[in-house]
Amino acid sequence: MTPEERFDALIGEDLKIEPRDPMPDAYRATMIRQIAQHAHSEVIGMQPEGNWITRAPSLKRKAILIAKVQDEAGHGLYLYSAAETLGVSRAELVDLLHEGRQKYSSIFNYPTLTWADIGAIGWLVDGAAITNQVMLTRTSYGPYSRAMIRICKEESFHQRQGYEIMRVLSEGTDAQRAMAQDALDRWWWPSLMMFGPPDAESTHTVQSMAWKIKLETNDQLRQRFIDATVPQAEYLGLKVPDPDLAWNTETGHYDVGPIDWDEFWSVVKGDGPCNKERSAHKVGVWEEHAWVREAAAAHAAKARTAAASA
């Protein structure tokens, strides 16, 4: 059996591709791109929420938010480690991010203007992420699949935390309810864009489906998120900002209005509200704290020398 036949057989039998298994160069490149973008997103995603740690409305809220931001850092670690099994170093991936040659999720290029935005991110952004990531627990590349199992468990808590913030606000004063509605208004459409462009315009979906990297299409995942989230908004007494939203009895799904894909591509290409701010902050912190990495490397080298001479 040739390496190509071995790879095809594993895919055909719904078995995992492991790091030492033969795989096409294009499959390896696709997995590196996808896992790296996911890892970068987790790390960059710490910024809009970390911005609110010192301004959270109570000590309890501060502690919860700190824990969540720490979780996101851990997710980045799991994913960079998974990418390294494909023969690329973490340093290479970080350099590609800093140079703008690899991307992160466009959702993190929007500002967090109020405390309600932290609720909306947990409820909508993490909710959209879970919808996509539960599928990835069954993706064809083993290390990625296994990393996603733990990540999804933690993301489910993040989604509940965000929804709980929105619930408290929606049951509060008129000003608090208005704050919750405003956050929903601003985060609804970017959350729908998180699933990527429509299937007809997606350049990667067909091949990713064939390799079982993806098991469902962008539009299928987006529809699942919409169907689950609209009733949650109704329960909160909030209005989804879509005048065309309607339940379709024939399809058994919600119909939604047109998504502004021009906005999506503009943000992807670097022209979103916070693209430059997010990237500059990431690079600045990386350079400013280079001494931490250097000290850790020196300590590890000293420990190895001591162990070798013992």
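## Two loop residues with positive phi

Asp 14 sits in the loop that links helix H1 (3-12) to helix H2 (25-44); helices here are DSSP runs of H or I with at least four residues, numbered from the N terminus. This is a predicted model, where local features need pLDDT of at least 70 and side-chain atom pairs count only at pLDDT 80 or more, while totals for chains, interfaces and linings use all residues. Residues are numbered from 1 along each chain as its sequence is written, and side-chain values use heavy atoms, with hydrogens and water left out.

Back to the loop: Asp 14 isn't a glycine, yet its phi is positive, at about 60°. Most residues other than glycine have a negative phi. At 55% relative accessibility, Asp 14 counts as exposed (exposed is over 50% relative accessible area, buried is under 20%, and partly exposed is in between, with a 1.4 Å probe and protein chains only). Lys 212 is another non-glycine with a positive phi, near 60°. Its loop is the one between H9 and H10, and with a relative accessible area of 24%, Lys 212 is partly exposed.

## Ser 202, buried in a loop

Where does Ser 202 lie? It's in the loop between helix H8 (174-193) and helix H9 (205-210). Ser 202 is buried, with a relative accessible area of 16%. Leaving out residues up to four places away in sequence, Ser 202 touches Pro 197 and Asn 218, where a contact means heavy atoms within 4.5 Å.

## Glu 42 in H2

Helix H2 is home to Glu 42, a residue that counts as buried at 6% relative accessibility. Setting aside residues up to four places off in sequence, Glu 42 touches Glu 72, His 75, Gly 76, Leu 79, Gln 133, Ile 151 and Glu 155. Glu 42 and Ser 105 are 63 residues apart along the chain, with their C-alpha atoms separated by 8.8 Å.

## The nonpolar core and Trp 123

The largest nonpolar core has 74 residues; such a core is a set of buried Ala, Val, Leu, Ile, Met, Phe, Trp, Tyr and Cys residues joined through side-chain atoms within 4.5 Å. H6 gives the most to this core, with eleven residues. The residues with the most contacts inside the core are Tyr 27, Ile 35, Trp 123, Tyr 141, Trp 187 and Trp 188. Ile 35, for one, touches Leu 79, Ala 82, Ala 83, Leu 86, Tyr 141 and Tyr 144, not counting residues up to four places away in sequence.

Trp 123 belongs to helix H6 (residues 115-136) and is buried, with a relative accessible area of 1%. Beyond its neighbours within four places in sequence, its contacts include Gln 159, Tyr 163, Met 166, Gln 232 and Leu 236.

## H7 against H10

Those five residues turn up again where H7 meets H10: Gln 159, Tyr 163, Met 166, Arg 167 and Ser 170 in H7 meet Gln 232, Tyr 235 and Leu 236 in H10. The residues of this contact divide into four nonpolar, three polar and one charged (Ala, Val, Leu, Ile, Met, Phe, Trp, Tyr, Cys and Pro count as nonpolar, Asp, Glu, Lys and Arg as charged, and the others, Gly among them, as polar).

The axes of helix H7 (residues 142-170) and helix H10 (residues 218-236) come within 9 Å and cross at roughly 30°; axes are lines fitted to C-alpha atoms over the stretch in contact, with angles from 0 to 180 degrees between N-to-C directions. H7 and H10 are therefore roughly parallel to each other, a label for angles under 35 degrees.

Technical notes
Angles under 35 degrees count as roughly parallel, over 145 as roughly antiparallel, 65 to 115 as roughly perpendicular and the rest as oblique.
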